[in-house]
Amino acid sequence: MSDSKSPVTIRTRKFMVNRLLNRKQMVLDVLHPGQGPVSKATLRGILSKKYNVKNDKCIFVFGFKTAFGGARSTGFALIYDTLNDALNVEPKFRLVRNDLAKKPTGSRKSRKELKNKKKKFRGIKKAKVGGGGM
């Protein structure tokens with residue numbers, strides 16, 4: 001939880017149990033005097049112990065801002081009841097950050113060109129169109 005050199009303290013504010021989305025959501029205040037911002041993996045580990053979460057993948061921490069002068073950061077945390085709930089609700093980019101989804105390959109331009117190229121075909125021919133570029 002904390003190093004012997006400098007402890008990391010987590011305080012939660014605006015804690016709310018969201019039954020519609022099957023999650024607990026809160027604002028985190030992280031106190032880390034004498035060191036830089038705390039990694040999100042460390043925060044996930046601390047939160048899993050504090051809230052008795054078995055799977056760290058169900059915890060999403062994001063939006064951290066470090067206060068001027070350091071020593072304090074503020075961000076958000078979402079703790080889902082199950083991994084399936086997280087996969088259904090969370091946006092794709094956050095799933096990619098938590099290694100729950102794969103980032104699309106290829107450049108954005110090639111993906112868009114391939115999408116528009118597929119629009120011109122129907123059925124089996126649509127699956128045969130590939131490559132992305134010309």
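**Exercise 1. A salt bridge between two loops**

Task: The side chains of Asp81 and Arg19 meet in a salt bridge. Find the N to O distance, and work out which parts of the chain the pair ties together.

Solution.
- Step 1. Keep in mind that this model is predicted.
- Step 2. Read the distance. From N to O, the Asp81 and Arg19 side chains are 3.0 Å apart. The cut-off for a salt bridge is within 4 Å.
- Step 3. Place both residues. Asp81 sits in the loop between strand 4 (72-80) and helix 2 (83-89), and Arg19 in the loop between strand 1 and strand 2, so the salt bridge ties together parts 62 residues apart in sequence.
- Step 4. Check the surroundings of Asp81. Its relative accessible area is 36%, so Asp81 is partly exposed.

Side chains of opposite charge can pair when their charged atoms come close.

**Exercise 2. A bridge between two strands**

Task: How many salt bridges does the structure hold? Then describe the one between Arg13 and Asp29.

Solution.
- Step 1. Count. The structure holds 4 salt bridges.
- Step 2. Take the pair. Arg13 and Asp29 form a salt bridge through their side chains, at 2.7 Å from N to O.
- Step 3. Locate the ends. Arg13 belongs to strand 1 (residues 9-18) and Asp29 to strand 2 (residues 23-31), so the bridge ties together parts 16 residues apart in sequence.
- Step 4. Judge the exposure. Arg13 has 37% relative accessibility, so this residue counts as partly exposed. Asp29 has a relative accessible area of 11%, so Asp29 is buried. Buried means under 20%.
- Step 5. List the contacts. Setting aside residues up to four places away in sequence, Arg13 touches Met26, Val27, Asp29 and Thr74.

**Exercise 3. A small network**

Task: Which residues are joined into one network by salt bridges that share partners?

Solution.
- Step 1. Start with one pair. The side chains of Glu90 and Arg23 meet in a salt bridge of 3.9 Å, N to O.
- Step 2. Place the pair. Glu90 lies in the loop between helix 2 and helix 3 (92-97), while Arg23 lies in strand 2, 67 residues apart.
- Step 3. Check burial. Glu90 and Arg23 are both buried.
- Step 4. Extend the pair. Shared partners join Arg23, Glu90 and Arg94 into one network.

**Exercise 4. The core and helix 1**

Task: Which residues touch the most other members of the largest nonpolar core? Which elements each supply at least two of its residues?

Solution.
- Step 1. Name the residues. The core has 22 residues, and Leu28 and Leu47 touch the most other members.
- Step 2. Name the elements. Strand 2, helix 1 (40-50), strand 3 (59-66) and strand 4 each give at least two residues to this core.
- Step 3. Follow Leu47. Beyond residues up to four places away in sequence, Leu47 touches Leu28, Asn52, Ile59, Val61 and Ala77.
- Step 4. Widen to helix 1. Its buried residues include Leu43, Ile46 and Leu47. The buried residues of helix 1 pack against strands 1, 2, 3 and 4.
- Step 5. Look just past the helix. There, Asn52 takes a positive phi of about 55°.

In soluble globular proteins, nonpolar side chains tend to be buried together.

**Exercise 5. A polar residue in a loop**

Task: Is Asn98 buried or exposed? Which side chain does its own side chain meet in a polar contact?

Solution.
- Step 1. Locate Asn98. This residue lies in the loop between helix 3 and helix 4 (108-118).
- Step 2. Read the area. Asn98 has a relative accessible area of 8%, so Asn98 is buried.
- Step 3. Find the partner. The side chains of Asn98 and Arg44 make a polar contact of 3.5 Å.
- Step 4. Add the other contacts. Leaving out neighbours within four places in sequence, Asn98 is in contact with Arg44, Lys57, Ile59 and Phe60.

Notes:
Residues are numbered from 1 along each chain as its sequence is written. This is a predicted model: local features need pLDDT of at least 70, side-chain atom pairs count only at pLDDT 80 or more; totals for chains, interfaces and linings use all residues. Side-chain values use heavy atoms; hydrogens and water are left out. Helices (H or I, at least four residues) and strands (E, at least two) are DSSP runs, numbered from the N terminus. Buried means under 20% relative accessible area, exposed over 50%, partly exposed in between (1.4 Å probe, protein chains only). Contact means heavy atoms within 4.5 Å. A nonpolar core is a set of buried Ala, Val, Leu, Ile, Met, Phe, Trp, Tyr and Cys residues joined through side-chain atoms within 4.5 Å. A polar contact is a pair of N or O atoms within 3.5 Å; within protein, one must be able to donate a hydrogen and the other to accept it, and residues adjacent in sequence count only if both atoms are side-chain atoms.
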